[in-house]
Amino acid sequence: MSDHVIQVADGFWNIRGSFKIAGFVDIGTQASLVRRPSGRFLMLDSYPLRGAVETEILELTDGGQAVEAVLNLHPFHTIHVHTTHARFPHAKLYGTDRHVARRPELPWQPERTDGPEIRALFEELVFSVPAGVDFIPSDENLHFASVLAFHPSTRTLHVDDTLMYTRLPFMGGVRFHPTLGSVLQKRPGAVAEFRQWAAELVDRCSLVDHLCTAHTRALLDSEDSIAAQVQKALDAVRSTLDAHEKKHG
């Protein structure tokens with residue numbers, strides 16, 4: 001799929017990019033550009049800018065000088081971190097512990113994007129981390145958890161992997177990533193914590209009109225509310241949650 005930019009709303013741009021599995025199956029990926037109240041910008045996630053996409057982003061950001069920070073939100077999305085930092089070397093760089101471990105040579109800020117300190121630095125965003133699951137599991141094929149970033153002023157949610165959106169027949173719509181059952185923590189209370197987090201997510205999505213997901217598609221101005229679709233996604237994993245809770249408490 002070709003790289004392109006979607007202006008989701010005034011102050012929020014979603015960059016749709018290419019990511020190929022085994023070199024030929026393109027499942028896509030994303031980054032987003034957010035204009036701050038100051039007029040400067042944040043990048044959510046890392047992706048190399050090329051061609052018309054690069055031209056558009058640089059025109060928006062004074063040649064890139066107005067990009068104030070890059071926030072890497074998914075611990076397993078690390079491939080493009082170095083390239084994005086090289087493009088915006090003056091921008092403060094934030095990530096998770098895994099980003100830092102994978103690229104220790106980069107000038108990471110001490111605050112982690114999945115930690116509480118980040119909230120005070122970027123008050124125009126609301127961050128949410130799934131509860132009851134392993135955020136960085138030892139099995140690197142399990143990419144469920146990421147930091148969800150809400151932008152209330154544009155009613156937009158940027159999320160990698162944790163939520164997916166496709167238009168496939170019969171299986172389409174908003175769904176939780178299929179690895180949920182494998183990342184739920186094997187301890188009493190984990191499912192209850194996840195259910196509470198998911199219920200809060202549904203409630204927060206009542207104020208969301210635009211959903212930007214990584215490897216699938218962006219859902220913009222849907223006839224069905226985002227909250228209703230996330231509730232359906234939660235209903236669809238009920239049996240997975242019930243089985244895990246029965247086994248582990």
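**Exercise 1. Nonpolar cores**

Task: State how many residues the largest nonpolar core has and which of them have the most contacts inside it.

Solution. The largest nonpolar core of this predicted model has 49 residues. Those with the most contacts inside this core are Leu 71, Leu 157, Phe 176, Phe 194 and Leu 201. Helix H6 supplies the largest share of the core, namely six residues. A second core, separate from this one, has 22 residues, among them Leu 33, Val 53, Leu 58 and Val 81.

Next, take Leu 157 and list what it touches, leaving aside residues up to four places away in sequence. The partners of Leu 157 are Leu 148, Ala 149, Phe 150, Leu 163, Leu 201, Cys 205, Val 208, His 210, Leu 211 and Cys 212.

**Exercise 2. Two cysteines**

Task: Find how many disulfides the structure holds, and explain why Cys 205 does not bond to the closest cysteine sulfur.

Solution. The structure holds zero disulfides. For Cys 205, the closest cysteine sulfur belongs to Cys 212 and is 12 Å away, which is too far for a bond. The cut-off needed for this step is that the two sulfur atoms lie within 2.5 Å. Starting from Cys 212 gives the matching result: the nearest cysteine sulfur is that of Cys 205, 12 Å away, and Cys 212 is in no disulfide.

Then check accessibility. Cys 205 is buried at 1% relative accessibility, and Cys 212 is buried at 0%. Both Cys 205 and Cys 212 also appear among the residues that Leu 157 touches.

**Exercise 3. Salt bridges between helices**

Task: Determine how many salt bridges the model has, and which helices are tied together by the pair Arg 87 and Glu 54.

Solution. Side chains of opposite charge can pair when their charged atoms come close. The count comes to 14 salt bridges.

One of them joins Arg 87 to Glu 54, with the closest N and O atoms 2.9 Å apart. Arg 87 lies in helix H2 and Glu 54 in helix H1 (residues 51-60), so this salt bridge ties together parts that are 33 residues apart in sequence. Arg 87 is partly exposed, with a relative accessible area of 30%; Glu 54 is partly exposed as well, with 23%.

Task: Identify the salt-bridge partners of Arg 195 in helix H8.

Solution. Arg 195 forms a salt bridge with Asp 242, where the closest N and O atoms are 2.5 Å apart. Since Arg 195 lies in helix H6 (residues 190-204) and Asp 242 in helix H8 (residues 238-248), the pair ties together parts 47 residues apart in sequence. Arg 195 also meets Glu 245 in a salt bridge, at 2.7 Å from N to O. Glu 245 lies in helix H8 too, so this pair ties together parts 50 residues apart in sequence.

The accessibilities complete the picture. Arg 195 is partly exposed at 27%, Asp 242 is partly exposed at 38%, and Glu 245 is partly exposed at 29%.

**Exercise 4. A network and a helix residue**

Task: Name the residues linked in a network of salt bridges, then locate Thr 83 and say whether it is buried, partly exposed or exposed.

Solution. The network links Arg 36, Arg 40, Glu 68 and Glu 124. Thr 83 sits in helix H2 (residues 81-87). With 40% relative accessibility, Thr 83 counts as partly exposed. From C-alpha to C-alpha, Thr 83 and Leu 106 are 11 Å apart in space, and they are 23 residues apart in sequence.

Definitions and conventions: Residues are numbered from 1 along each chain as its sequence is written. This is a predicted model: local features need pLDDT of at least 70, side-chain atom pairs count only at pLDDT 80 or more; totals for chains, interfaces and linings use all residues. Side-chain values use heavy atoms; hydrogens and water are left out. Helices (H or I, at least four residues) and strands (E, at least two) are DSSP runs, numbered from the N terminus. Buried means under 20% relative accessible area, exposed over 50%, partly exposed in between (1.4 Å probe, protein chains only). A salt bridge is a side-chain nitrogen of Lys or Arg within 4 Å of a carboxyl oxygen of Asp or Glu. A nonpolar core is a set of buried Ala, Val, Leu, Ile, Met, Phe, Trp, Tyr and Cys residues joined through side-chain atoms within 4.5 Å. Contact means heavy atoms within 4.5 Å.
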